[in-house]
Amino acid sequence: MDQQADILFTRRSIRLYKPGSPLTKGQLHFLLDAAMSAPSARNRQPWQFVVVSRKDLLDELSCRHPYAQMLRGAVLAVVVCGDTRLESEESYLVQACSAATQNLLLGVEALGLGGVWLGVHPRKERTEAISELFGIPPEIVPVTLVSIGYPAEKKPRNAHYKHDRVHLNGWTNTMA
Ligand SMILES: Cc1cc2nc3c(=O)[nH]c(=O)nc-3n(C[C@H](O)[C@H](O)[C@H](O)COP(=O)(O)O)c2cc1C
């Protein structure tokens, strides 16, 4: 398989970071371009992104999510939000933002950075705490949060493939 496809398998959740310089404008654009290249129902692209680079805000954000301590060492966070004005079907909104989140994480891997997906929606206390911090209006729903930094941990590539999860031309025929 070609090397570019490798990031599909080498991407892991990276929660330990070392200090490093702020991302360049070019890197930031690459990541958001990757996120916005995701598929969405009826091509609505119903996403909005809150990009967080300020250290004080990253620290505050880490206090507003129960499993986000790693944000204290992060160089950047992105709140992937769904815009209910662009997509009224909640499930489609969440699916589009999830696809954008995964694309963003693959972009992070492609740049040699490390990142982790932090669940926000549908936990009301998390969506409210994050909306309050950034002044996000009610029609915009924070769906996920992505922490990004310079990796200080290395994890083996994923090997999750399970033959019995694949059903060939019908439920009873697995690929085993
Ligand atoms: C919807 C969702 C919510 C997640 N929430 C958190 C979280 O709050 N904190 C965290 O550290 N990781 C979170 N993760 C990352 C998962 O723990 C991680 O993807 C999983 O353990 C597999 O590890 P890998 O990403 O290294 O393959 C979340 C992932 C998803 C898809």
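**Exercise 1. Place proline 142 in the fold and decide whether proline 142 is buried or exposed.**

Start with the secondary structure: proline 142 sits in strand S5. Keep in mind as you work that this is a predicted model.

Next, count neighbours. Proline 142 has 23 C-beta neighbours inside 10 Å. A residue is buried if 20 or more other C-beta atoms lie within 10 Å of its own, so proline 142 counts as buried.

Then look at who those partners are. Leaving aside neighbours within four places in sequence, the contacts of proline 142 are Val79, Cys81, Val120, His121, Thr127, Ile130, Ser131 and Ile136.

Finally, try a distance. Proline 142 and glycine 26 are separated by 116 residues in sequence, and their C-alpha atoms are 25 Å apart.

**Exercise 2. Compare this with proline 156: where does proline 156 lie, and is it buried or exposed?**

Follow the chain past S5, because proline 156 belongs to the segment after S5. Inside 10 Å there are 8 C-beta neighbours, so proline 156 counts as exposed. Now find arginine 12: the two residues are 144 residues apart in sequence, yet 8.1 Å apart in space, C-alpha to C-alpha.

**Exercise 3. List the residues that surround the ligand, sort them by class, and follow leucine 118.**

Begin with the list. Around the ligand you will find Arg12, Ser13, Arg15, Tyr67, Val116, Trp117, Leu118, Gly119 and Asn158. Sorted by class, this shell has four nonpolar, three polar and two charged residues.

Now take leucine 118, which lies in strand S4. With 24 C-beta neighbours inside 10 Å, leucine 118 counts as buried. Not counting residues up to four places away in sequence, leucine 118 touches His65, Tyr67, Ala68, Thr144, Leu145, Val146 and Ser147. One of these, Tyr67, you have already met around the ligand. As a last check, leucine 118 and valine 143 are 25 residues apart in sequence and 9.3 Å apart, C-alpha to C-alpha.

**Exercise 4. Describe how helix H2 packs against helix H4.**

First the geometry: H2 covers residues 25-36 and H4 covers residues 90-110. Their axes come within 7 Å and cross at roughly 145°. The crossing is right-handed.

Second, the residues that make the contact. H2 contributes Phe30, Leu31, Ala34, Ala35 and Met36, while H4 contributes Ala100, Asn103, Leu104, Leu106, Gly107 and Val108. By class, nine of these are nonpolar, two are polar and none is charged.

Third, check the length of H4. At 1.5 Å a residue, its 21 residues should span 30 Å, and the end C-alpha atoms are 30 Å apart, which agrees.

Fourth, look at what is hidden. The buried residues of H4 are Leu93, Ala96, Cys97, Ala100, Thr101, Asn103, Leu104, Leu105, Gly107, Val108 and Glu109. Their cover includes helix H1, H2 and strands S2, S3, S4 and S5.

To finish, step off the end of the helix: H4 is followed by glycine 112, whose phi is positive, near 80°.

**Exercise 5. Locate leucine 58 and find its contacts.**

Leucine 58 belongs to helix H3, residues 55-63. It has 21 other C-beta atoms within 10 Å, and is therefore buried. Beyond its neighbours within four places in sequence, leucine 58 is in contact with Val52, Leu71, Arg72, Ala74 and Ala77. Valine 108 is 50 residues away from leucine 58 in sequence and 18 Å away in space, C-alpha to C-alpha.

**Exercise 6. Examine the backbone at arginine 42, glutamine 45 and proline 122.**

A reminder helps here: most residues other than glycine have a negative phi, and most peptide bonds are trans.

Arginine 42 is not a glycine, but its phi is positive, about 55°. Arginine 42 lies in the loop between H2 and S2 and is exposed, with 11 other C-beta atoms within 10 Å.

Glutamine 45 has a positive phi too, of about 45°. Its place is also in the loop between H2 and S2. Glutamine 45 is partly exposed, with 16 other C-beta atoms within 10 Å.

Last comes the peptide bond. Histidine 121 and proline 122 are joined by a cis peptide bond, with omega about 10°. Proline 122 is found in the loop between S4 and helix H5.

Terms used:
Residues are numbered from 1 along each chain as its sequence is written. This is a predicted model: local features need pLDDT of at least 70, side-chain atom pairs count only at pLDDT 80 or more; totals for chains, interfaces and linings use all residues. A residue is near a molecule or strand if its C-beta atom, placed from the backbone, lies within 6 Å of it. Ala, Val, Leu, Ile, Met, Phe, Trp, Tyr, Cys and Pro count as nonpolar, Asp, Glu, Lys and Arg as charged, and the others, Gly among them, as polar. Axes are lines fitted to C-alpha atoms, for helices over the stretch in contact, and angles run from 0 to 180 degrees between N-to-C directions. Helices (H or I, at least four residues) and strands (E, at least two) are DSSP runs, numbered from the N terminus. A crossing is left-handed if the near helix is turned anticlockwise from the far one by less than a right angle, and right-handed if clockwise. Two residues are in contact if their C-beta atoms, placed from the backbone, lie within 7 Å. The expected span of a helix is 1.5 Å times one less than its number of residues. A residue is buried if 20 or more other C-beta atoms lie within 10 Å of its own, exposed if 12 or fewer, and partly exposed in between; C-beta atoms are placed from the backbone.
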